[in-house]
Each structure stands twice: as C-alpha cells, then as structure tokens.
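Morning, everyone. Please take a moment with the sequence and the model, and then I'll walk you through it.

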Amino acid sequence: QQLPSMPPPPPGVTTPASPPPGLMWVNGTRQFVLPRNTNATLAQVVSETYFTCLNRGLIQELAAHFVPLACQKSITVGGAHAFCAGPLDIIRQLESLKAMVVQLKGVLQQTSVAGSILVITTGVCLSPQQAGLSFCHTLTLIPRASDGAGGVGYQIQNDALCFLSNEMPAGAV
C-alpha cells in the first residue's frame with residue numbers, strides 16, 4: 001500500500017537556484033548531500049539540519065527531507081510509543097517537537113543495504129518540556145539522486161526518536 005506524498009513546501013518556500021551546502025532540491029523534495037571540501041560526515045550534516053529545523057520550527061522544511069512514500073516515523077518516551085500512519089501524522093509529530101533545543105553528544109553513520117546509511121545520534125534535550133532528558137535518534141537514509149557532480153542525494157526513509165529515562169517499565173525485571 002502506498003502512502004500519499006508529503007504536502008508541497010509552504011507558500012514562499014521555493015527551490016533555490018543554488019542550494020545551501022549539504023542540501024539539494026530534486027523534484028520538489030530536499031535531499032542531503034555531503035558538501036565537498038569539508039571534514040563533516042553526512043551524519044553530522046543530517047543531524048545538525050534535522051535538529052536546527054525542529055528548533056526553529058521549520059517543520060515543512062524538515063518534512064521535505066523525507067521520502068514521499070513508505071516512510072516511517074516514531075517517538076518513544078519511557079514505555080509510550082507513538083507511530084505515524086502517514087505523511088500528515090509525520091508532520092503532526094514533528095510539530096509536537098517544535099522549538100526543541102538539544103545538545104548533541106555523538107553522531108555516527110554506518111553504511112547499510114543498497115547504499116542506505118544508518119545515522120545514530122545521541123544527546124540531551126535542553127528544552128523546558130524534556131529538560132535533561134537523554135535521547136537516541138536513528139535515521140535510515142536512502143540514496144535518491146545524483147547532484148550531477150558525482151555526489152549522491154539522500155532522503156529520510158525511517159526516523160525513530162527515543163527519549164531515555166531511568167524509570168523501569170511496570171513488570172520489568
């Protein structure tokens with residue numbers, strides 16, 4: 001079953017003639033590209049872009065980085081798990097994290113099947129709602145298009161954010 005595609009960017013957001021380093025527009029969607037002449041990894045570019053968009057409330061901008069079809073997104077807090085059923089749920093879930101401030105502790109990437117990349121980010125949430133709460137964030141990026149200069153663009157296929165707590169679930173041993 002195919003999911004509906006992500007809504008187009010909001011009015012006023014246009015495809016720039018020259019995308020900023022680390023980003024590329026293709027067919028109305030945004031893709032991550034590792035900038036040339038940088039010591040950063042793709043995982044660092046992706047994590048910094050993701051959490052900057054959340055912090056600044058650029059939800060439509062962030063949503064444009066997701067694969068339009070068959071995308072999964074979830075948040076886990078303690079024993080509660082919220083899974084998105086489609087693109088509109090993804091946007092609603094991202095909206096719930098708007099203005100989140102984080103301190104990134106670690107970012108790494110691993111190559112996976114068919115050129116996909118697993119990005120794992122750990123950090124601490126500094127915003128009032130979850131202040132001091134540690135998190136682990138995983139993204140699966142899939143290759144989408146070439147930037148024309150030998151670089152490959154990536155989009156988010158799967159997104160799982162887990163807030164970690166010291167509380168043990170009921171019945172845990």
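Let's start with Asp159. Its relative accessible area is 2%, so this residue is buried. Keep in mind throughout that this is a predicted model.

Which residue does Asp159 form a salt bridge with? The partner is Lys73, and the closest N and O atoms are 3.5 Å apart. Asp159 sits in strand β8 and Lys73 in strand β3, so the pair ties together parts that are 86 residues apart in sequence. Lys73 is buried as well, because its relative accessible area is 0%.

Now stay in this area. Ser74 belongs to strand β3, which covers residues 72-77. Is Ser74 buried or exposed? Its relative accessibility is 9%, so Ser74 counts as buried. Set aside residues up to four places away in sequence, and Ser74 touches His81, Ala82, Phe83, Gln93, Asp159, Ala160 and Leu161. So Asp159 turns up again, as one of the residues that Ser74 touches.

Next, Asn158. This residue is in strand β8, residues 152-164. Asn158 is partly exposed, because its relative accessible area is 24%. Along the chain, Asn158 and Ser74 are 84 residues apart, yet 8.6 Å separates their C-alpha atoms. What does Asn158 contact, leaving aside neighbours within four places in sequence? The contacts are Gln72, Thr138, Leu139 and Thr140.

Back to salt bridges. The structure holds 4 of them. You have met Asp159 with Lys73. Here are two others.

Take Arg30 and Glu61. They form a salt bridge, with 2.0 Å between the closest N and O atoms. Arg30 is in strand β2, residues 29-32, and Glu61 is in helix α2, residues 59-63, so this pair ties together parts that are 31 residues apart in sequence. Both Arg30 and Glu61 are buried.

Then there is Arg92 with Asp89. Their closest N and O atoms are 2.7 Å apart. Where do the two lie? Both are in helix α3, 3 residues apart, which is about one turn of the helix. Arg92 has a relative accessible area of 54%, so Arg92 is exposed. Asp89 is at 28%, so Asp89 is partly exposed.

On to the aromatic rings. How many aromatic pairs does a search of the whole structure find? The search finds 2. One joins Tyr50 and Phe51. Their ring centres are 5.2 Å apart and their planes meet at 65 degrees, so the pair is edge-to-face. Tyr50 is buried, because its relative accessible area is 0%. Phe51 has 5% relative accessibility, so Phe51 counts as buried too.

Phe51 also pairs with Phe135. Here the centres are 5.4 Å apart and the planes are at 45 degrees, so this pair is tilted. Phe51 is in helix α1, residues 42-56, while Phe135 is in strand β7, residues 133-146, so the pair ties together parts that are 84 residues apart in sequence. Phe135 is at 1% relative accessibility, so Phe135 counts as buried. Put the ring pairs together and you get a cluster of Tyr50, Phe51 and Phe135.

Now a look at the backbone. Most residues other than glycine have a negative phi. Two residues here are worth a stop.

Ala99 is not a glycine, yet its phi is positive, at about 75 degrees. Find Ala99 in the loop between α3 (87-95) and β5 (102-111). Ala99 has a relative accessible area of 43%, so Ala99 is partly exposed.

Ala114 also has a positive phi, near 55 degrees. Where is Ala114 found? Look in the loop between β5 and β6, the latter being residues 117-125. With 72% relative accessibility, Ala114 counts as exposed.

That loop takes us to the two strands. β5 and β6 form a hairpin with 5 residues between them, and Ala114 is in the turn. The strands run antiparallel, joined by 9 bridges. Val102 is one example: its bridge partner in β6 is Cys125.

Let me recap. The salt bridge of Asp159 and Lys73 ties β8 to β3. The ring cluster links Tyr50, Phe51 and Phe135. And the β5 and β6 hairpin has Ala114 in its turn. Thanks, and over to you.

Key. Residues are numbered from 1 along each chain as its sequence is written. This is a predicted model: local features need pLDDT of at least 70, side-chain atom pairs count only at pLDDT 80 or more; totals for chains, interfaces and linings use all residues. Side-chain values use heavy atoms; hydrogens and water are left out. Rings of Phe, Tyr and Trp (its six-membered ring) pair if their centres lie within 6.5 Å; planes under 30 degrees apart count as stacked, over 60 as edge-to-face and the rest as tilted. Buried means under 20% relative accessible area, exposed over 50%, partly exposed in between (1.4 Å probe, protein chains only). Helices (H or I, at least four residues) and strands (E, at least two) are DSSP runs, numbered from the N terminus. Contact means heavy atoms within 4.5 Å. Two strands pair if DSSP finds at least two bridges between them. A salt bridge is a side-chain nitrogen of Lys or Arg within 4 Å of a carboxyl oxygen of Asp or Glu.
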